[in-house]
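Okay, thanks everyone, I'll keep this short. Let me put the structure up and then we'll walk through a few parts of it.

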Amino acid sequence: MKNEIIGVIGTGVMGGGIAQLFAENGFHTLIWDASEEFTVKGYENIRKRLNKSVEKGKLSLQDSEAIISRIKPVKKIEELAPSGLVIEAIIEDFDSKKKIFSQLENILAPNTVIGTNTSSLSITKLAQTLARPERFMGIHFFNPPTKLELVELIAISGVNPDILQKVKGILSSCGKTAVMAKDSPGFIVNRLLLPFINESAKLVNEGVASVEDIDTAMCLGTLHPAGPLQVADLIGLDVCRNILETLSKSLDDPFYKPAKSMVDLVEAGKLGRKTGQGFYKY
Ligand SMILES: NC(=O)c1ccc[n+]([C@@H]2O[C@H](COP(=O)([O-])OP(=O)(O)OC[C@H]3O[C@@H](n4cnc5c(N)ncnc54)[C@H](O)[C@@H]3O)[C@@H](O)[C@H]2O)c1
């Protein structure tokens, strides 16, 4: 199984982490982004993360070098041809993803799996853009992919069962636990997590409790390891708002409309940890 080559398209937050995950678990991994500059930037970010782990004594220098040696940045999408599994992790834009799939179908061997890491686009609609959708599925990782054990798999009807088994086997060999979800907005985790975060943000609007007390209540009262507003800051409030808007639109339900406190923070550029301020100051 470890002789499968993994291709990763998009080397941003998720693609970079996914490539690192596979390389850490012994897979040779090819990475490609929209330009050579972005591909190299993604590669350097992986190297920096590995160096940090070495500095902290969490990883040996030898292991770090072995991991980075398994990642190869490529200049052209055509160089992903030897891959047995390609995971697309580019921006969340239907037409951009569609274009990538069409290019991949011309390049890849017929039994190569094409997976998308989309959080909110319909797997069914994306599959309809492919000539051979039976080897296509949603493979939804969580941030950071190297650390979070869960992967949601979304296989629409008609997917080749051998493809599903192959993906499950590869993920399991990387220590991941896969759960199956039907193609539905937010799949499992985002469908449950985002309303939870949003209701917490609504409590802030209504002045029911302070940000700190809401998080303390949910940690100590329900055994959550982190409070909902801390989690929101970690995800990014812009990302939370986008997912809620998608849920609200696709489920045609105003319940999912983003809370005013969240929208106000996003409009003020306070997006959470990544900008130094969100519900909390960092
Ligand atoms: N960030 C998260 O927490 C998270 C979690 C799960 C899934 N996702 C999904 O993963 C995907 C990527 O998200 P991200 O947070 O890594 O985004 P990001 O912005 O960090 O990275 C996207 C990368 O895609 C590249 N890209 C854009 N258009 C491209 C194209 N046409 N061809 C090749 N590369 C292209 C960009 O240069 C960038 O490096 C999205 O579909 C998102 O919904 C994100």
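So, to start: how far apart do the C-alpha centres of domain 1 and domain 2 lie? They're 28 Å apart. Keep in mind this is a predicted model. As for the boundaries, the domain assignment gives domain 1 as 5-180 and domain 2 as 190-273.

Now, let's look at the ligand. There are 23 residues around the ligand, and the closest are G10, G12, M14, S119 and N143. If you ask which elements give two or more residues to that shell, they're α1 (13-24), α2 (36-55), α4 and β6 (136-141). The largest share comes from α1, with three residues. By character, the shell around the ligand splits into 10 nonpolar, 11 polar and two charged residues.

I want to stay with α4 for a minute. Helix α4 runs over residues 94-107, so to speak a stretch of 14 residues, and reaches 20 Å from its first C-alpha to its last, close to the 20 Å expected at 1.5 Å a residue. Which residues of α4 are buried? That would be K97, I100, F101 and L104. These four sit on the same side of α4, because they cover an arc of only 100° around the axis. Go round to the other side of α4 and you find D95, S102 and N106, which are exposed.

And what do the buried residues of α4 pack against? Three strands and a helix are on the list: β1 (5-9), β4 (85-88), β5 (113-116) and α5 (123-127).

That's it from me, happy to go back to any of the views.

Methods. Residues numbered from 1 in each chain as written. Predicted model: local features only at pLDDT ≥ 70, side-chain atom pairs only at ≥ 80, totals over all residues. Expected span 1.5 Å × (residues − 1). Buried ≥ 20, exposed ≤ 12 C-beta atoms within 10 Å, placed from the backbone. Arc of directions from axis to C-beta. Contact = placed C-beta atoms within 7 Å. Near = placed C-beta within 6 Å. Nonpolar A, V, L, I, M, F, W, Y, C, P; charged D, E, K, R; others polar. Domains from an automatic or database assignment.
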